[in-house]
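Q: Please take a close look at one part of this protein, namely the packing in its interior and the aromatic rings found there. I should like a connected account suited to a first-year student.

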Amino acid sequence: MQPADVYHTLNKTKILDDYIIKYYDVLHTQGEMALVEDISDFVREKGITV
């Protein structure tokens with residue numbers, strides 16, 4: 001996916017506000033791969049294909 005598509009998907013599903021921004025304190029301390037994996041898992045749990 002293109003970065004703009006990822007942003008729009010995360011924004012329209014409220015994952016951006018309800019998860020990424022809400023838990024930024026913890027999320028930003030993780031390594032890049034762990035962060036991507038964590039967000040990908042969360043998105044899949046919401047039923048969104050990534």
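A: **The interior and its aromatic rings**

Threonine 9 is a residue of helix H1, which covers residues 3–12. The model described here is a predicted one. Threonine 9 has a relative accessible area of 16%, and because this is under the 20% limit, the residue counts as buried. When residues up to four places away in sequence are not counted, threonine 9 touches Met1 and Ile48.

Ile48 also appears among the contacts of a second residue, isoleucine 15. Isoleucine 15 belongs to helix H2, which spans residues 15–21. Its relative accessible area is 2%, so isoleucine 15 is buried. With neighbours within four places in sequence left aside, isoleucine 15 is in contact with Leu10, Ile20, Phe42, Val43, Lys46 and Ile48. A further distance helps to place this residue: the C-alpha atoms of isoleucine 15 and arginine 44 are 11 Å apart in space, while 29 residues separate the two in sequence.

These contacts lead to the nonpolar core. In soluble globular proteins, nonpolar side chains tend to be buried together. In this model, the largest nonpolar core has 10 residues: Leu10, Ile15, Leu16, Tyr19, Ile20, Leu27, Ile39, Phe42, Val43 and Ile48. Two elements give two or more residues to this core, namely H2 and helix H4 (32–45). H2 provides the largest share, with four residues. Leucine 27 is another member of the core. Setting aside neighbours within four places in sequence, leucine 27 is in contact with Tyr19, Ile20, Leu35 and Asp38.

The aromatic rings may now be considered. A pair of such rings is described by the distance of the centres and the angle of the planes. The structure contains two aromatic pairs. In one of them, the ring centres of tyrosine 19 and tyrosine 23 are 5.8 Å apart and the planes stand at 55°, so this pair is tilted. The two tyrosines differ in accessibility: tyrosine 19 is buried, at 12% relative accessibility, whereas tyrosine 23 is partly exposed, with a relative accessible area of 39%.

The other pair joins tyrosine 19 to phenylalanine 42; here the ring centres are 4.0 Å apart and the planes are at 10°, so the pair is stacked. This pair links distant parts of the chain, since tyrosine 19 is in helix H2 and phenylalanine 42 is in helix H4, 23 residues apart. Both tyrosine 19 and phenylalanine 42 are buried. Taken together, Tyr19, Tyr23 and Phe42 form one aromatic cluster.

The surrounding protein gives this part its setting. It has four helices and zero strands, and from the N terminus on its elements run α-α-α-α. The radius of gyration is 10 Å, close to the 10 Å that the globule rule gives for 50 residues, so the protein is as compact as a globular protein of that length. Along the principal axes, the C-alpha atoms fill a box of roughly 25 × 20 × 20 Å. Of the 50 residues, 24% count as buried. The protein exposes about 4000 Å², and carbon and sulfur atoms supply 55% of that area.

Technical notes
Residues are numbered from 1 along each chain as its sequence is written. This is a predicted model: local features need pLDDT of at least 70, side-chain atom pairs count only at pLDDT 80 or more; totals for chains, interfaces and linings use all residues. Side-chain values use heavy atoms; hydrogens and water are left out. Buried means under 20% relative accessible area, exposed over 50%, partly exposed in between (1.4 Å probe, protein chains only). Contact means heavy atoms within 4.5 Å. A nonpolar core is a set of buried Ala, Val, Leu, Ile, Met, Phe, Trp, Tyr and Cys residues joined through side-chain atoms within 4.5 Å. Rings of Phe, Tyr and Trp (its six-membered ring) pair if their centres lie within 6.5 Å; planes under 30 degrees apart count as stacked, over 60 as edge-to-face and the rest as tilted. The radius of gyration is taken over C-alpha atoms; the globule rule is 2.2 Å times the number of residues to the power 0.38. Accessible areas come from the Shrake-Rupley method with a 1.4 Å probe; for residues, only the protein chains shown count as cover.
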